[in-house]
Amino acid sequence: MSYDLIIKNGLVILENGEVETDVAVKDGKIASIGTNLGEAKEVIDAKGLVVSPGMVDAHVHITDPGGSYRDEWEGYITGTRACAKGGVTSFMEMPLNQVPATVDKKSLDIKYAAGENKLVVDVASFGGLVPFNIPKGIEELDEGGVAAYKCFMATCGDRSIEGDFMNADDYSLYAGMKEIAKTGKVLAIHAENATITDRLGEIAYENGETTLKAYVESRPVFTEVEPIRRAILFAKETGCRIHICHVACPEGVEEVSKARAEGVDVTCETCTHYLYFETDELDAIGPVVKCSPPIRDKAAQNGLWEKVLKDEIAFVTSDHSPCTPDLKDKENAFEAWGGIAGVQNNVDVLFDEGVQKRGMSLKQFADIIAKNPADRFGLDQKGRISLGKDADFVLISGNDAYTLAAEDLEYRNKISPYIGREIGAQVVKTIVRGTTVYDKETGVIDTFPGEFIKK
């Protein structure tokens with residue numbers, strides 16, 4: 001047989017582990033795995049490289065459309081170009097911070113239209129659970145093809161902006177879970193206690209606190225643990241499948257593990273930045289590294305790594321949530337936007353920190369960046385180097401250090417806490433459904449082969 005593409009001589013991460021072999025692609029799908037596969041229109045020699053499933057980043061914010069409020073935040077073109085350069089071949093897009101938020105058929109259609117002919121990689125969508133879209137909006141989003149749902153237990157959104165997202169009160173969370181349970185899809189939850197964290201933040205601000213360390217102290221560990229417990233209790237009551245987003249403390253993971261042992265259908269993620277940064281360095285970096293939940297201390301970071309390596313954390317995401325520089329450039333950390341630009345530095349940082357520094361197996365690496373998120377959110381063609389799956393790959397050069405510079409970033413606003421950091425691995429090539437969308441030598445392609453994934 002003649003193929004469209006053969007990737008030869010790489011160390012390929014298959015479902016059972018890595019093996020030196022070749023992979024052939026036909027019509028955007030993985031058509032054969034083995035040696036002596038025949039001829040192809042294009043041959044990539046991956047000798048000395050790791051060939052991994054492309055990352056499925058299950059937590060990315062794209063602000064397109066911006067509704068005239070956030071037009072200069074991250075758009076589909078720059079966001080998906082950054083994904084391509086970073087080895088992310090598909091991602092789950094959050095229902096905020098775009099305006100209008102994705103909460104019903106009308107807003108979902110607006111989002112799809114905004115991304116038309118602007119996608120370098122593939123994009124699946126979260127629909128939002130908010131107090132005002134139960135049950136009709138939930139039903140419309142399901143029919144419109146969202147892969148899952150998202151809600152906030154923490155305060156979110158700007159009430160001065162019509163159509164902005166809104167956090168769910170307890171009744172809305174309970175009622176929304178009952179409706180989402182009918183769809184069989186997963187509800188992803190930002191779990192922080194809004195009442196307590198809001199008031200602690202106000203008190204700290206009133207007392208003249210300005211530092212990121214003080215910001216972290218205003219969102220203590222128990223304000224994550226308590227809402228995780230509450231969400232699990234509601235899930236037991238409603239039968240809703242749930243996923244806890246961006247867990248920043250091992251204690252939160254423990255609640256999820258206990259619930260899973262009791263038969264609750266719950267998973268959790270952490271983020272690359274929680275595994276990389278720690279509280280004591282935040283003020284030296286500045287508000288560019290502010291996020292919510294906050295980056296905790298070294299003990300919490302070590303605890304999260306233990307949970308990752310023990311498979312208690314299902315997968316790792318970027319929670320890419322960028323904004324314009326002026327919203328980060330604040331002397332008072334409490335006044336700065338909370339969100340980190342990180343989607344371009346998932347794969348290289350995780351490979352370096354996990355595989356190279358902590359001995360993570362290549363199989364586990366592929367599981368936490370690709371297979372597990374694809375499985376959790378029903379992205380059936382994604383996440384594996386396996387026959388018949390989408391030909392999505394990232395080729396990684398290990399023990400190949402570089403220092404990230406601002407000009408390396410594909411983001412619309414070139415700010416990131418990883419700037420100036422030496423990262424010990426590099427993404428060499430990214431392939432989406434058989435098309436090379438990024439090459440280290442030639443950069444990101446200028447065309448848009450990406451598609452929306454509708455469930």
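**Helix packing, cavities and unusual backbone**

Modeller: In this predicted model, α7 and α8 are roughly parallel to each other. Local features need pLDDT of at least 70 and side-chain atom pairs count only at pLDDT 80 or more, while totals for chains, interfaces and linings use all residues. Residues are numbered from 1 along each chain as its sequence is written, and side-chain values use heavy atoms, with hydrogens and water left out.

Biologist: Why are α7 and α8 called roughly parallel?

Modeller: Two packed helices are described by the angle between their axes and the distance between the axes. The axes of α7 (residues 222-238) and α8 (residues 250-261) come within 9 Å and cross at roughly 20 degrees. An axis is a line fitted to C-alpha atoms, for helices over the stretch in contact, and the angle runs from 0 to 180 degrees between N-to-C directions. Angles under 35 degrees count as roughly parallel, over 145 as roughly antiparallel, 65 to 115 as roughly perpendicular and the rest as oblique. The angle of roughly 20 degrees falls under 35, and α7 and α8 are therefore roughly parallel. Helices here are DSSP runs (H or I, at least four residues), as are strands (E, at least two), numbered from the N terminus.

Biologist: Which hand does the crossing of α7 and α8 have?

Modeller: The crossing of α7 and α8 is right-handed. That term applies if the near helix is turned clockwise from the far one by less than a right angle, and left-handed applies if anticlockwise.

Biologist: Which residues of α7 meet α8?

Modeller: Val225, Ile228, Arg229 and Ile232 in α7 meet Glu251, Gly252, Glu255, Val256 and Ala259 in α8, where contact means heavy atoms within 4.5 Å. By class, this contact of α7 with α8 has five nonpolar, one polar and three charged residues. Ala, Val, Leu, Ile, Met, Phe, Trp, Tyr, Cys and Pro count as nonpolar, Asp, Glu, Lys and Arg as charged, and the others, Gly among them, as polar.

Biologist: Why are α4 and α7 called oblique?

Modeller: Helix α4 (residues 170-183) packs on α7 at about 45 degrees, with the axes 9 Å apart. That angle fits none of the named ranges, and α4 and α7 are therefore oblique to each other. Their crossing is right-handed. On the α4 side the contact is made by Asp170, Leu173, Tyr174, Met177, Lys178 and Ala181, and on the α7 side by Arg230, Ala231, Phe234, Ala235, Glu237 and Thr238. This contact has seven nonpolar, one polar and four charged residues.

Biologist: What makes α8 roughly parallel to α10?

Modeller: The angle between α8 and helix α10 (residues 298-309) is about 30 degrees, and their axes are 8 Å apart. The angle is under 35 degrees, which makes α8 roughly parallel to α10. Pro250, Val253 and Glu254 of α8 contact Ala300, Gly303, Leu304 and Lys307 of α10. The classes are four nonpolar, one polar and two charged.

Biologist: How many cavities of 30 Å³ or more are there, and what makes a space a cavity?

Modeller: The search finds four. Rolling a probe the size of a water molecule over the atoms shows where empty space is left. On a 1 Å grid over the protein atoms alone, a cavity is a set of points where a 1.4 Å probe fits but cannot get out; a pocket is an open set with protein on both sides within 12 Å along at least five of seven lines; and lining residues have an atom within 4 Å of a point. Grid points are joined across faces, edges and corners, and a volume is the space filled by probe spheres set on the points. The largest cavity holds about 60 Å³, and its lining has five nonpolar, one polar and five charged residues. Four lining residues come from α13, the largest share.

Biologist: What is the volume of the largest pocket, and which residues are closest to its centre?

Modeller: The largest pocket has about 1000 Å³ of space. Of its 39 lining residues, Thr155, Cys156, Ala336, Trp337 and Gly338 are the closest to its centre. Helix α5 gives the most to the lining, with five residues.

Biologist: Which peptide bond before Pro100 is cis, and what is its omega?

Modeller: The bond from Val99 to Pro100 is cis, with omega near 5 degrees. Pro100 lies in the loop between β7 (88-93) and α2 (105-115). Another cis bond joins Ser292 and Pro293, with omega about -5 degrees. Most residues other than glycine have a negative phi, and most peptide bonds are trans. Ser68, not a glycine, has a positive phi of about 75 degrees.
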